[in-house]
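Reader: I've got a model open on my screen and I'd like a close look at one part of it. Could you walk me through it?

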Amino acid sequence: QRSPELRERLTEATRVSNKMMAAYREGNISKAIDFAEQVKAIRVYVLVRELLDYAASVNNLSCLYLCMC
């Protein structure tokens, strides 16, 4: 389950991606690249947050398994 912040970031990535495609169709490759870089940055931000949550979950699970020893 993604947080509201991450959902908003992904919504923004979709909006910027649509702008990228529009710029590409208009032949403005330079502008399309700028938008693509923005989308990449947003998606990296979201990915890192999700990986940190996943790592915390794995850590909690390992601690529980250690308690069983």
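What follows is a walk along one helix and its surroundings.

Reader: Let's take helix H1 (4-25): which of its residues are buried, and what covers them?

Author: Sure, and keep in mind that this is a predicted model. Start with the length of H1: with 22 residues at 1.5 Å a residue, the helix should span 32 Å, and its end C-alpha atoms are indeed 32 Å apart. Now for the inside. Leu-6, Leu-10, Ala-13, Val-16, Met-20 and Ala-23 are the buried ones in H1. Look down the helix axis and those buried residues sit within an arc of 130°, so they line one face of H1. Swing round to the other side and you'll find Pro-4 and Arg-25, both exposed.

As for the cover, H2 is part of what lies over the buried residues of H1. It works from the partner's side too: Ala-32, Phe-35, Val-39, Ile-42 and Val-46 are buried in H2, and the buried residues of H2 pack against H1. H2 itself has 39 residues and reaches 56 Å from first C-alpha to last, close to the expected 57 Å.

Next, check what comes after H1: Gly-27 follows the helix, with a positive phi near 85°.

One more thing, on the surface this time. Met-21, Tyr-24, Ile-29 and Ile-33 make a nonpolar patch of about 380 Å². Helix H1 and helix H2 (29-67) are the elements that give two or more residues to that patch, and Tyr-24 is found in H1.

Notes. Residues numbered from 1 in each chain as written. Predicted model: local features only at pLDDT ≥ 70, side-chain atom pairs only at ≥ 80, totals over all residues. Heavy atoms only, no water. Patch = residues over 30% accessible without salt bridge, like charges linked within 9 Å, V, L, I, M, F, W, Y side chains within 5 Å. Areas by Shrake-Rupley, 256 points an atom, 1.4 Å probe, with all protein chains shown as cover. Salt bridge = Lys/Arg side-chain N within 4 Å of Asp/Glu carboxyl O. Helix = DSSP H or I, 4+ residues; strand = E, 2+ residues; numbered from the N terminus. Expected span 1.5 Å × (residues − 1). Buried < 20%, exposed > 50% of the residue type's maximum accessible area, 1.4 Å probe, protein only. Arc of directions from axis to C-beta. Contact = heavy atoms within 4.5 Å.
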